[in-house]
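Colleague: I have the file open and would like to go through a few spots with you. Could you take my questions as they come?

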Amino acid sequence: MTPLDSAPAVPHEGATTWTSSDDVIRRNAVEVLGDPEAPVLVFGHGYGTDQSTWRPIAERFAHSHRVVLFDYVGSGRSDLGAYDERRYDSLEGYADDLIEVIEAVGARQVSFVGHSASGMIGALASIRRPDLFGRLVMICPSPRYVNDGDYVGGFDREDVLELLSSIEANQPGWAASIAPAVTARADLPDVADRVRDLFTATPHEVAKHFARVVFFSDVRHRLGEITVPTTIVQSVGDIICPPHIGEYLSARIPHSELVRLDSAGHFVHLTDPDLITAQIQRVLSDDAGSPAPSL
């Protein structure tokens, strides 16, 4: 882990708190790997998981990048005492976390790789602070999960309410039932078990509230405001984010590309880490104007 300085975090418009870099680093369990002088690569996790889901892939880039891992407040090793339902009542609160983490490590023009909800969190953060972002890579993202008129997000409102009720009534049982479906790899039961354990370990109140925020979020009206180059990585076998969502995003995000992976499930960074690593390497190499390194 690279030591971090304790300079005050730079304030940003829309932040709900003022905090020092040391506070942010402790609050979000920030870890930094690799060369402190190298380009910065930040990884963001999705609902119900934590930074550990990214670590095996992140370590592959430590030789060429300054790699930043962190947990959103309420997840993983973050400071659970800092969880405030008012701050985190929309994805904007998590965008605050991301902005503050990037500022705390003194970075600019980072490449941000976000899984699931982190794709839209990164989008919102980049709209607010484009100076902090050089590239977005969204893994299985969705701007809206609930069906709305002609828009098919994949879930009816009643589906989401039932999901929330299941978490409320029996979080471990819900986690055990949904993990195999969202990983969609019967040949990799260890991945389903890991996702189940992460979902189960999320504090109950956070699991309920974060799920409501994520599944009722709607970022569709903000997509045209994204100014940084964006890569959308779509798993064709994803039941959380159906394949047509990638096309919807790429048609509305300026300077974007869509990559379809011949893979199953929503957690492709766990089930197919080589595929995800290759896509990140390709994007970073294209941005740097050099050939992609081998896996």
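Colleague: Where is Q109 found?

Modeller: Bearing in mind that this is a predicted model, Q109 is found in the loop between α3 and β4, the latter covering residues 110-115.

Colleague: And what is the phi of Q109?

Modeller: Q109 has a positive phi of about 55 degrees, although it is not a glycine. As a general matter, most residues other than glycine have a negative phi.

Colleague: Is Q109 buried or exposed?

Modeller: Neither word fits fully, because with a relative accessible area of 48% Q109 counts as partly exposed.

Colleague: Which residue other than glycine also has a phi near 55 degrees, a positive value?

Modeller: That is C140, whose phi is near 55 degrees, and its place is in the loop between β5 (133-139) and α5. C140 is buried, with a relative accessible area of 0%.

Colleague: While we are on cysteines, how many disulfides does the structure hold?

Modeller: The structure holds 0 disulfides.

Colleague: Why is there no bond at C140?

Modeller: The closest cysteine sulfur to that of C140 belongs to C241, and because the two are 6.4 Å apart, they are too far for a bond. For a disulfide the two sulfur atoms would have to lie within 2.5 Å. Taken from the other side, the closest cysteine sulfur to that of C241 is the one in C140, and C241 is likewise buried, at 0% relative accessibility.

Colleague: Changing topic, how many cavities of 30 Å³ or more does a search of the whole structure find?

Modeller: The search finds 1 cavity of 30 Å³ or more, and the volume of the largest cavity is about 140 Å³. It is lined by 15 residues, of which Y47, F199, F215, I240 and H266 are the closest to its centre.

Colleague: Which helix gives the most to the lining of the largest cavity?

Modeller: Helix α5 gives the most, with 4 residues. Both α5 (157-183) and α7 (204-215) supply at least two residues each to the lining of the largest cavity.

Colleague: What is the lining of the largest cavity by class?

Modeller: The lining has 11 nonpolar and 4 polar residues, with no charged residues.

Colleague: On to helix α8, then. Which residues are buried in α8?

Modeller: In α8, which spans residues 244-252, the buried ones are I245, G246, Y248 and L249. Looking down the axis of α8, one finds these buried residues within an arc of 160 degrees, so they line one face of the helix. That can be set beside the general geometry of an α-helix, which has 3.6 residues a turn, so residues three or four places apart point the same way.

Colleague: What covers the buried residues of α8?

Modeller: The cover includes helix α4 (117-128) together with the strands β6 (230-237) and β7 (256-264).

Colleague: I also marked D272. Where is its place, and is D272 buried or exposed?

Modeller: D272 sits in the loop between α9 (268-271) and α10 (273-288). At 16% relative accessibility, D272 counts as buried, since the limit for that class is under 20%. Leaving aside neighbours within four places in sequence, D272 is in contact with R185 and S263.

Colleague: And Y83, which residues is that in contact with, leaving aside neighbours within four places in sequence?

Modeller: Y83 is in contact with V73, G74, Y88, Y94, V206, H209 and F210 once those neighbours are set aside. Y83 lies in the loop between β3 (66-69) and α3, and at 16% relative accessibility it counts as buried. From S52, which is 31 residues apart from it in sequence, Y83 is 20 Å apart in space, C-alpha to C-alpha.

Colleague: Two acidic residues to finish. Is E103 buried or exposed?

Modeller: E103 is buried, with a relative accessible area of 5%, and its place is in helix α3, residues 91-104. Its C-alpha atom is separated by 14 Å from that of L69, which is 34 residues apart from E103 along the chain.

Colleague: And in which helix is D193?

Modeller: D193 is in helix α6, residues 189-201, and at 34% relative accessibility D193 counts as partly exposed. The C-alpha atoms of D193 and P180 are separated by 8.0 Å, with the two residues 13 apart along the chain.

Methods:
Residues are numbered from 1 along each chain as its sequence is written. This is a predicted model: local features need pLDDT of at least 70, side-chain atom pairs count only at pLDDT 80 or more; totals for chains, interfaces and linings use all residues. Side-chain values use heavy atoms; hydrogens and water are left out. Buried means under 20% relative accessible area, exposed over 50%, partly exposed in between (1.4 Å probe, protein chains only). The arc is that of the directions from the helix axis to the C-beta atoms. Contact means heavy atoms within 4.5 Å. On a 1 Å grid over the protein atoms alone, a cavity is a set of points where a 1.4 Å probe fits but cannot get out, and a pocket is an open set with protein on both sides within 12 Å along at least five of seven lines; lining residues have an atom within 4 Å of a point. Grid points are joined across faces, edges and corners, and a volume is the space filled by probe spheres set on the points. Ala, Val, Leu, Ile, Met, Phe, Trp, Tyr, Cys and Pro count as nonpolar, Asp, Glu, Lys and Arg as charged, and the others, Gly among them, as polar.
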